[in-house]
Number of protein chains: 2
Amino acid sequence: MAATDTLPAPPEDFDQLRAAILERKASLPKRLTQVAAYALDNPDEIAFRTAASIAGAAKVQPSTLVRFAQQFGFEGFSSLQLLFRARLRQRTSSYDERLRLIEQDSPAVSESMGILNGFVNAGHRSLDTLSKAVDPDVFEQAVQLFAHAETIFLIAKRRSYPISSYMAYAFGKLRVKCIAVGTAAGIDDDVLALAGPRDAAFAVSFSPYASESAAQARAMAARGVPVVSLTDSAFSPLAECSKIWFEVVEADHAGFRSLSASMAFAMALTVSVAEKRRRDAGR
Amino acid sequence: MAATDTLPAPPEDFDQLRAAILERKASLPKRLTQVAAYALDNPDEIAFRTAASIAGAAKVQPSTLVRFAQQFGFEGFSSLQLLFRARLRQRTSSYDERLRLIEQDSPAVSESMGILNGFVNAGHRSLDTLSKAVDPDVFEQAVQLFAHAETIFLIAKRRSYPISSYMAYAFGKLRVKCIAVGTAAGIDDDVLALAGPRDAAFAVSFSPYASESAAQARAMAARGVPVVSLTDSAFSPLAECSKIWFEVVEADHAGFRSLSASMAFAMALTVSVAEKRRRDAGR
DNA sequence: TGACATATGGAATGAAAATTCCATATTGAC
DNA sequence: GTCAATATGGAATTTTCATTCCATATGTCA
């Protein structure tokens, strides 16, 4: 008996399981077929609900679910359920799958190339979440705000600094007055002191938040300068002192976070603002 | 007591809960704030995992999770968790649909949002070409070169400057000696004059090539400093004076080129070099 | 500084849910 | 039609997990 129900190979992901179910569906006993059909038709239910309630919905006994799972090499229903949950998570990014394919294709590639692929993958994943994370109306508000601002002050340190340096470059080319701080030491606060209510500030900071950035943003806000910020958590110190804020979470490879999403966001903001100004000027 | 912790209105969906958390986060005690931050930053984890493991990840006790839930009017953690699960279901069901909307540059969304999507797309396309464009062996050579270099000099201006400023930041964190030029005016050449054959330089420049970058790279090469470069054409002035060079073409939106591929490349190079050094030091 | 209120950690408890087990039913072979 | 093998239902068991409770710590106001 031990030979028949303890198959040596439990599927490792949902696709493998799905294939296995389809293959053996015809040769399964009645109740197990019922379970198979239910599982493939309602994978989300399997992921979330309890064995008892799933059993009720599929018109079988809880023990049948366990037997079903064991039939496919799992220890019990719970371990099968994990696959259904993993599927739900991965659904958001199909890029991991692509990465797996790449690695399978050429497993002999050097470690460095693996790192490169990892960052490419992280970039894709980050970009994927960006469009979903940004509320169109709020984005529009931010564009409006900057389009009508006299001078745009860019606040960013450390890891976020590339973002603001790109924006400073692009705004410069597009003839939008802007000043980036965080470049040299010391004088930042003096520069920021120039800002008034008719200007606007854009602050970027990701965890662990550079304390100066937060302090500077707060100071600006206190003086009536509208602050828009880009950060990675609603709990960022930037969020609380900003008139408008955006939450963008970058995916990472080996603990090093991508910058793709933030960069794309910065580009879009920059170009949108310039475009809006051009329009308004033309009227 | 019953009046304070049994708020009459438990939120009915995730958005309400989110709003409630944000509203009250400032007045919450320390551990509950911790939970709030974790919950909003990692909603998927809350949906799937068990109270104990979530508590572990958020560095609190399981009981704190329960208290947190009760604080917001739920009977216990489990009922709060239901909202997170419901959210995940709704999201996955509408995911494909939303993706389609984004991909067909739908005119329904605002112009600014169209621009954002354009840059997201450009980022994806750039990343797609990157892995294919980079020759693993050449990449490995570059990593070796920098791993054995004494000091790494980073040369980049204008649009490429964000790349080098990121690398300078990351190398700094990883304890790899490096110096970025192009930051302030004038002194660049003096700094570069410090470089010798045991150092190495990394130059980044895209069309239209900043003439100073090319000149600096050439000067370095002439003095025997090995130069690695990242550029967008085999005819780039950088290519001819570099020992190793990589050609990466960024996709663009409305004439504005993405930086995603170059960034990913820079990250991979940085991390690979640091990793190699760490290995070599360990021997 | 002391007293009170609130917050926190951690073990004890109790509930819920998965799994096992066994008696019974069904199927298929001879 | 009988026997054996397999499948099934349902109760019993065990495990897992959320919750509660209490002792201790931390902070607050007088």
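**DNA strand D and the two chains**

Visitor: How many residues surround DNA strand D?
Guide: This is a predicted model. The closest residues to DNA strand D are A:R31, A:Q61, B:A51, B:F77 and B:S78. Counted in full, the residues that surround DNA strand D number 18.

Visitor: Which part of DNA strand D does a polar side-chain atom of A:Q61 lie 2.7 Å from?
Guide: Of the strand D atoms within 4 Å of the protein, 68% belong to sugar or phosphate and the rest to bases. B:S78 has a side-chain N or O atom 3.0 Å from a sugar or linking oxygen of the strand. For A:Q61, the partner is a phosphate oxygen.

Visitor: Which element gives the most residues to the surface near DNA strand D?
Guide: The surface near DNA strand D consists of six nonpolar, eight polar and four charged residues. With five residues, the element that gives the most is α6(B).

Visitor: What area do chain B and chain A bury between them?
Guide: The contact takes 63 residues from chain B and 62 residues from chain A. Carbon and sulfur atoms account for 66% of the buried area. The total is about 5900 Å².

Visitor: Which residue of chain A forms a salt bridge with B:R18?
Guide: The rule finds four salt bridges across the interface of chain B and chain A. In the one formed by B:R18, the closest N and O atoms are 3.4 Å apart. The partner is A:E247.

Visitor: Which helix gives the largest share of the side of chain B that touches chain A?
Guide: By class, this side of chain B has 33 nonpolar, 13 polar and 17 charged residues. The largest share is 14 residues, and it comes from helix α8 (residues 111-133) of chain B.

Terms used. Residues are numbered from 1 along each chain as its sequence is written. Chains are lettered from A and ligands numbered from 1 in the order in which they are written. This is a predicted model: local features need pLDDT of at least 70, side-chain atom pairs count only at pLDDT 80 or more; totals for chains, interfaces and linings use all residues. Side-chain values use heavy atoms; hydrogens and water are left out. A residue is near a molecule or strand if one of its heavy atoms lies within 4 Å of it. A polar contact is a pair of N or O atoms within 3.5 Å; within protein, one must be able to donate a hydrogen and the other to accept it, and residues adjacent in sequence count only if both atoms are side-chain atoms. Helices (H or I, at least four residues) and strands (E, at least two) are DSSP runs, numbered from the N terminus. Ala, Val, Leu, Ile, Met, Phe, Trp, Tyr, Cys and Pro count as nonpolar, Asp, Glu, Lys and Arg as charged, and the others, Gly among them, as polar. Contact means heavy atoms within 4.5 Å. Buried area is the accessible area (1.4 Å probe) that two parts lose on being put together, summed over both. A salt bridge is a side-chain nitrogen of Lys or Arg within 4 Å of a carboxyl oxygen of Asp or Glu.
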